[in-house]
Amino acid sequence: MLTSQEKINYLRSENQEFGPISLVVIQPNSFCNLDCDYCYLPDRNLKNKLSLDLIEPIFKSIFTSPFCRDNFTICWHAGEPLTMPISFYKSAFEIIENTSKKYNQTEFSFNYSYQTNGTLITQAWCDFWQQYPLSIGVSIDGPAFLHDAHRKNRKGGNSHELTMRGIKYLQKNNIPYNTISVITKDSLDYPDEMFNFFAENEIYDLAFNMEETEGVNDSSSLNGSEIEKKYRYFIERFWQLITESKLPFFIREFETLISLIYHQKRLNHTEMNHPFSIINIDYQGNFSTFDPELLSVKTPEYGDFIFGNILTDSLESICETEKFKRIYQEIKTGVKLCAENCHYFGLCGGGAGSNKYWENGTFASSETQTCRYRIQILTDVVLDAIEQSLGVTANNP
């Protein structure tokens, strides 16, 4: 609950424009049973676990926060959330429901999601998940020869077969799911093979994450202008394949962009550069906002990016700390630079601070390689395709 002074500070500040919370990312443990070579997370070999005793304090803070002004998703994420037993989540979900009854005075509700490597999914997990409004995100990089090149288990063995077993369980039980594929240099030569893999396995809800220079992954295989040309061809070819196939593909990157164009909407920020759109909580109850990738890392310039602990700090109280003010001001400066200098700003909203920090050394900066891959090249490819389909090109205005 807010103290009287906190209420006064809140009403007097710009903080009332923060939020609403749309996503709560909880790290129930730090351990992952895979050891992907492009992973940004440190300490994923450690078996730190979230105590059930922290669940009620976490959600009391969220439900009583002025930032709780809309429906939101609770995502269990990184390390591998399924290394925690089903019994943990049964108890956690029960505590969350009871905490909602006690403290949630709003009309807004929540649903659940998991981001998993899929290797530990069983029928027992599916039986549990079917009791809740829930969706599953599965990380899979396409066919086995691409996936297994990077997504190894802790003994160096392959993981593709187990991930596909998990996806088959989801399909058999009609549990909503989507997939995320990390695009590396290796992927760029195989757009047809990736498309055929997803089509043949009836995996239609896809997203692409670029391999990023981030956290402990201090270099990306996608660096370099020649690689950017290959990436553009990859995107062009994948667009061609899905539009010609007539299959019900939903590619997150394409759909987001087309929706903005079709509805003539433009962005002035993103969830990752706007305070308290996303709340990130680790196994100790430490919390942050902005990019989830910032929660578990430390840097020479900032130390860690933890703004408070759920047992001692309300979400809004950290808005007055020097640490939050410094980071937020730098992120705002970076977004302003993007708005002033980038023609793609309305389709991007200023990007993610974590990419700016790890690529440019500061949040107060603009273009990154991630921008070029995720927004600029993608936009150019989609607009070219739309214009060609309409017969509107530079040579035929």
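In what order do the 10 strands of the open sheet lie? The order is S7-S6-S5-S4-S3-S2-S1-S8-S9-S12, with mixed pairing. Strands here are DSSP runs (E, at least two residues), as are helices (H or I, at least four), numbered from the N terminus; two strands pair if DSSP finds at least two bridges between them.

This is a predicted model, in which local features need pLDDT of at least 70, side-chain atom pairs count only at pLDDT 80 or more, and totals for chains, interfaces and linings use all residues. Residues are numbered from 1 along each chain as its sequence is written, and side-chain values use heavy atoms, with hydrogens and water left out.

Select 250-251 and 308-309. These are the edge strands, S7 and S12, and each pairs on one side only.

Next, select residues 72-76 and 110-116. They are S2 and S3, a parallel pair with 5 bridges. Phe-72 has Phe-110 in S3 as its bridge partner.

Add residues 86-103, helix H3. This helix packs on the sheet and touches S2, S3 and S4 (134-139), where contact means heavy atoms within 4.5 Å. The direction of H3 makes about 155 degrees with that of S3; axes are lines fitted to C-alpha atoms, for helices over the stretch in contact, and angles run from 0 to 180 degrees between N-to-C directions.

Move to S4. S3 and S4 run parallel, joined by 5 bridges, and Tyr-112 stands opposite Leu-134. In S4, 5 of the 6 residues are buried, that is, under 20% relative accessible area (1.4 Å probe, protein chains only).

Conventions: Buried < 20%, exposed > 50% of the residue type's maximum accessible area, 1.4 Å probe, protein only.
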